[in-house]
Amino acid sequence: MAKELLQKDVLESHIHELLYLLGENPDREGLKETPKRVAKMYREVFAGIGVAPETALTTTFDSEGYDGMIVVKDIDYYTFCEHHLIPFFGKAHIGYIPGERIIGLSKFARLVELAAKRPQVQERMTDQIVAAIEKVLNPKGVMVTLEGQHLCMCARGVKKPGSSTVTTVKKGIFKEQETLVREFERNIAAN
């Protein structure tokens, strides 16, 4: 607890100093509580640092021979670009062909959320989600697509709002059977 309080105080102090270095008066009324609020927000949005994403995938079940595709799509995520520490956000789509185990569908949302609670790049986040599913479920195949809008590209630099980035990782039979890839893509495109 003492370590957490120290980190909290140190983080607030650094945010106060950052405001000062930017030319602001961190002690004026509108900014006085900002270091405390920002420190609290950072502790929340970076709560996944040091936590293995697969820890979100608890309680698996026997697949009872089911060998069709399972797709969970349109999972919202919000994370921070590790290069600029500004948000990027979007949707995750997960498809897998079970082996012997399946998992509660809400666990995929928890997995995406946990993978997002750290400074990220979209490519690594996609890989981390796939790796966690492979490690816990050992499916016949898994495919994950992330769509993302990056404020580092929309609000600064080249300033191209509306642009999006798509990353996809395929493992197992998704790499071998193009018909499964097309089925997954049809599933995530369907309303």
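This tour moves through selected salt bridges and then a pair of cysteines in a predicted model.

**Starting with the charged pairs**

Five salt bridges are found in the structure, and three of them are visited below, beginning with Arg28 and Glu24. Select these two residues and show their side chains, which meet in a salt bridge with an N to O distance of 3.0 Å. With a surface drawn over the selection, Arg28 can be examined as a partly exposed residue, its relative accessibility being 38%, while Glu24 is likewise partly exposed, at a relative accessible area of 33%.

Next, select Lys36 together with Glu33, whose side chains form another salt bridge, this one with 3.6 Å from N to O. Here Lys36 has a relative accessible area of 43% and is partly exposed, and Glu33, at 38% relative accessibility, also counts as partly exposed.

**A pair that links distant parts of the chain**

Now clear the selection and pick Glu54 and Lys135, which are joined by a salt bridge whose closest N and O atoms lie 3.1 Å apart. Colouring by secondary structure helps at this stop, since the pair links distant parts of the chain, with the two positions 81 residues apart in numbering. Glu54 sits in the loop that runs between helix H2 (34–45) and strand E1 (60–62), whereas Lys135 belongs to helix H4, which spans residues 122–137. The two partners also fall into separate accessibility classes: Glu54 is partly exposed, with a relative accessible area of 21%, and Lys135 is exposed, with a relative accessible area of 60%.

**Finishing with the cysteines**

For the last stop, select Cys81 and Cys152 and display their sulfur atoms. Which cysteine holds the sulfur closest to that of Cys81, and how far away is that sulfur? The closest one is in Cys152, at 3.9 Å, which is too far for a bond. Taking Cys152 as the starting point leads back to Cys81, again at 3.9 Å and again too far for a bond. Because a disulfide requires the two sulfur atoms to be within 2.5 Å, this pair does not qualify at 3.9 Å, and a search of the whole structure finds zero disulfides.

Before leaving this site, switch the surface on once more and look at how each cysteine is placed. Cys81 is buried, its relative accessible area being 4%, and Cys152, at 13% relative accessibility, counts as buried too.

How values were computed: Residues numbered from 1 in each chain as written. Predicted model: local features only at pLDDT ≥ 70, side-chain atom pairs only at ≥ 80, totals over all residues. Heavy atoms only, no water. Salt bridge = Lys/Arg side-chain N within 4 Å of Asp/Glu carboxyl O. Buried < 20%, exposed > 50% of the residue type's maximum accessible area, 1.4 Å probe, protein only. Helix = DSSP H or I, 4+ residues; strand = E, 2+ residues; numbered from the N terminus.
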